[in-house]
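Colleague: I should like to learn how to read a model of this kind feature by feature. Might we begin with the pairing of strands and then proceed to the interior?

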Amino acid sequence: MRDITPLMKMSFLQPWIAPLILAGLGILAGYLFDRVVLGRLGRLFQTTKSVIDDVLLETFGGHIGLWLVLAGLAAAAQTAPIAGAHRALAAKILVSAFFFSVTWASARLAGDLMRRFSAQRAISQAMAGLMNNLVKIAVIALGVLLILSNLGISITPLLTALGVGSLAVALALQDTLTNLFSGIHIVASNLVEVGDYVKLDSGQEGVVMDINWRTTRIKELPNNVILVPNAKLAQAIIINYARPEPETAVLVQMGVSYDADLQKVERVTIEAAKDVQQTVDGAVKNFDPFIRYHTFGDSSINFTVILRARQFTDRFLITHEFIKRIHERYRKEGIEIPFPQRVVHLYDAHAV
């Protein structure tokens with residue numbers, strides 16, 4: 001009698017041949033990508049000028065091999081001779097694993113982009129770390145919700161509980177959260193950055209030293225530090241002397257006697273101003289200074305001298321040197337800077 005055991009074994013294994021091949025192809029594809037393709041892509045992306053491809057490869061490169069393996073296993077599960085309920089369960093597990101991998105990689109990508117953004121804006125370590133963690137938590141929370149939804153777990157009660165809890169936390173930490181999000185708004189809007197010289201509508205002015213999660217530190221010229229809550233700063237009217245560019249005009253108000261030759265005054269003043277522009281540190285070398293007469297004053301003809309500084313704080317030295325030099329030139333040229341005076345006419349009442 002013919003032995004049918006080998007035939008029975010062949011008939012039993014035959015339905016599993018295709019699933020096993022698909023699973024093996026997925027594992028092989030993942031292995032080859034990690035060992036061969038990933039290294040070559042890294043060397044290729046290093047030759048490009050853009051850093052975006054390097055960031056994406058660094059973030060997702062280690063996960064693509066896993067995704068290929070999961071794809072092979074998913075295809076094998078769909079073709080395997082198993083019950084429909086088991087096939088559905090396997091699909092949920094594999095899709096959840098894929099979502100978990102994508103979530104982890106996306107959180108890492110968001111954190112890396114936030115670090116680069118913080119470095120470009122010179123954001124304080126405290127604010128940068130806080131923003132980085134908030135972004136990662138948001139991405140991971142979204143991924144967890146997708147995984148729970150894929151597993152068939154209702155997320156509506158969870159969202160309701162999170163909403164109530166978030167409302168309670170928001171009410172308890174209202175001032176803190178207001179300052180936090182105001183700080184994020186200030187940083188994201190790019191209207192005020194560390195190193196800018198600003199003046200608030202309340203009168204304080206100075207260089208922005210730091211923007212953290214609660215306050216902004218402003219250093220005044222006398223070397224004092226002002227702590228401004230971020231919420232106050234976001235609502236204040238601010239003059240930013242570093243925007244749209246750090247170069248700024250230096251205006252010096254002057255006046256000369258009514259007897260002065262205005263053509264000569266203009267020539268001598270511009271010569272002194274050009275000397276200041278060329279020799280004083282912080283002055284814009286290629287700027288041509290000029291003057292504008294504007295008022296017949298009580299004692300003098302008044303005008304404005306316009307010079308230019310590389311940044312706001314340079315204006316003090318430029319003004320200082322210009323006043324010294326123009327005073328010396330006016331003395332040599334015989335140009336009078338008059339004192340305030342009044343002309344009083346006296347009439348003899350008996351002579352009228």
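Modeller: Strands β1 (residues 197-200) and β2 pair in the antiparallel sense, over three bridges. Within this pairing, lysine 199 stands opposite glutamate 205 of β2. Please bear in mind that the model is predicted.

Colleague: In what order do the strands of the open sheet lie?

Modeller: One reads a sheet from one edge to the other. Here five strands form an open sheet in the order β4-β3-β2-β1-β5, and the pairing is antiparallel. At the edges are β4 (225-229) and β5 (238-240), each of which pairs on one side only. Between neighbouring strands of this sheet the turn averages 40°, direction ignored.

Colleague: Is glycine 206 buried or exposed?

Modeller: To judge this, one consults the relative accessible area, for which buried means under 20%. Glycine 206 has a value of 0% and is therefore buried. This glycine is found in strand β2, which spans residues 205-211.

Colleague: Which residues does glycine 206 touch, leaving aside those up to four places away in sequence?

Modeller: Glycine 206 touches Asp196, Tyr197 and Val198, and also Ile218, Lys219 and Glu220. A distance adds to this picture: proline 222 is 16 residues from glycine 206 in sequence, and their C-alpha atoms are 9.2 Å apart.

Colleague: How many residues has the largest nonpolar core, and which of them have the most contacts inside it?

Modeller: A core is read through its members and then through the elements that supply them. The largest nonpolar core has 23 residues, and those with the most contacts inside it are Met254, Phe303, Val305, Leu307, Ile318, Phe322 and Tyr330. At least two residues of this core come from each of β6 (248-256), α8 (262-279), β8 (301-309) and α9 (315-333). Helix α8 gives the most, with six residues.

Colleague: What does phenylalanine 322 touch, again without residues up to four places away in sequence?

Modeller: Its contacts are Val252, Met254, Thr269, Ala272, Ala273, Val276, Val305 and Leu307. Apart from the core just described lies another, of eleven residues, including Ile186, Val187, Ile218 and Ile226.

Colleague: Where in the protein is confidence lowest, and where is it highest?

Modeller: One considers the overall score and then the individual elements. The protein averages a pLDDT of 79, and 80% of the residues score at least 70. Confidence is lowest in helix α5 (residues 156-172), with a mean of 56, and highest in β8, at 95.

Methods
Residues are numbered from 1 along each chain as its sequence is written. This is a predicted model: local features need pLDDT of at least 70, side-chain atom pairs count only at pLDDT 80 or more; totals for chains, interfaces and linings use all residues. Side-chain values use heavy atoms; hydrogens and water are left out. A nonpolar core is a set of buried Ala, Val, Leu, Ile, Met, Phe, Trp, Tyr and Cys residues joined through side-chain atoms within 4.5 Å. Buried means under 20% relative accessible area, exposed over 50%, partly exposed in between (1.4 Å probe, protein chains only). Helices (H or I, at least four residues) and strands (E, at least two) are DSSP runs, numbered from the N terminus. Contact means heavy atoms within 4.5 Å. pLDDT is the predictor's confidence in each residue, from 0 to 100. Two strands pair if DSSP finds at least two bridges between them. Axes are lines fitted to C-alpha atoms, for helices over the stretch in contact, and angles run from 0 to 180 degrees between N-to-C directions.
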